[in-house]
Amino acid sequence: MAESQQSLQNHARIIPAYHFFVLGAFTLNLVVSFINLFNAPSFSTVTGVLTAAALITLAVFARVFALKAQDRVIRLEMRLRMRELLPSALQPRIQEFTADQLVAMRFACDAELPDLAAKVLADNVQDKKTIKGMIKDWQGDFLRV
């Protein structure tokens, strides 16, 4: 993604080489493997289907694991940021934020974060998209996986 402006509408990260080429090639391989299995059932074609399915599973989990690790770093970063920015009345409540809430609030600027955090807690807002939609001064996250 170009490092110009980021917003709620364009912040999702799509990596064409991964999302289209790698996953597309693995999916095509799985389809062809199933066709081969149905046309000529054998141990070899069964292992071809299993290998194709394993490759897709590997690709998906590689992405999921990277995103989970990133979310853990974001959670830590946001807790540290909140310790600096939240008023003393909200400080003891930092641990109440879920990982999803913290991940969503990371786009808020420092000036906006205290009010946003208070509103998220007061209204028990859980949905990441809703929280992201509440952000007025969007700060891009260009270091994402």
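Where is the place of Asn124? In this predicted model, Asn124 sits in the loop between α4 (113–123) and α5 (128–134). The backbone does something a bit unusual there. Most residues other than glycine have a negative phi. Asn124, though, has a phi near 50°, a positive value in a residue that isn't glycine. With a relative accessibility of 51%, Asn124 counts as exposed, because the cut-off for that label is over 50%.

Stepping back to the whole chain, the secondary structure adds up to five helices and zero strands. Read from the N terminus on, the order of elements is simply α-α-α-α-α. The radius of gyration comes out at 21 Å, well over the 15 Å that the globule rule gives for 145 residues, so the chain is more spread out than a compact globule. The dimensions can be put in numbers too: along its principal axes, the C-alpha trace spans about 70 × 30 × 25 Å.

What share of the 145 residues counts as buried? The figure is 32%. The protein chain exposes about 9200 Å², and carbon and sulfur atoms supply 64% of that area. As for charges, there are 16 positive and 13 negative ones, and their mean positions lie 6 Å apart. Contacts across the sequence are worth a look as well. Taking those between residues at least 6 apart in sequence, 65% join residues at least 24 apart.

Leu90 gives a close-up of contacts of this kind. Leu90 lies in the loop between α2 and α3 (99–105). Is Leu90 buried or exposed? Its relative accessibility is 12%, and since anything under 20% is called buried, Leu90 counts as buried. Leaving aside residues up to four places away in sequence, Leu90 touches Pro114, Ala118 and Leu121. Ala117 can be compared by backbone position: the C-alpha atoms of Leu90 and Ala117 are 8.6 Å apart, although 27 residues separate them along the chain.

Next come the aromatic rings. A pair of aromatic rings is described by the distance of the centres and the angle of the planes. How many aromatic pairs does a search of the whole structure find? It turns up three, and two of them are described here, beginning with Phe34 and Phe38. The ring centres of Phe34 and Phe38 are 6.3 Å apart and the planes meet at 20°, so this pair is stacked; the label applies to planes under 30 degrees apart. Both residues belong to helix α1 (residues 16–39), where they are four residues apart, or about one turn of the helix. Phe34 is partly exposed, with a relative accessible area of 36%, while Phe38, with 65%, is exposed.

Phe61 and Phe65 make up another aromatic pair, and this one is tilted, with 5.4 Å from centre to centre and 35° between the planes. Why are Phe61 and Phe65 separated by about one helical turn? That spacing arises because the two are four residues apart in helix α2 (residues 43–85). Phe61 has a relative accessibility of 42% and so counts as partly exposed, whereas Phe65 is exposed, with a relative accessible area of 56%.

Notes:
Residues numbered from 1 in each chain as written. Predicted model: local features only at pLDDT ≥ 70, side-chain atom pairs only at ≥ 80, totals over all residues. Heavy atoms only, no water. Phe/Tyr/Trp six-rings, centres within 6.5 Å; stacked < 30°, edge-to-face > 60°. Buried < 20%, exposed > 50% of the residue type's maximum accessible area, 1.4 Å probe, protein only. Rg over C-alpha atoms; globule rule 2.2 N^0.38 Å. Contact = heavy atoms within 4.5 Å. Areas by Shrake-Rupley, 256 points an atom, 1.4 Å probe, with all protein chains shown as cover. Lys, Arg positive; Asp, Glu negative; His and termini not counted. Charge placed at Lys NZ, Arg CZ, Asp CG, Glu CD.
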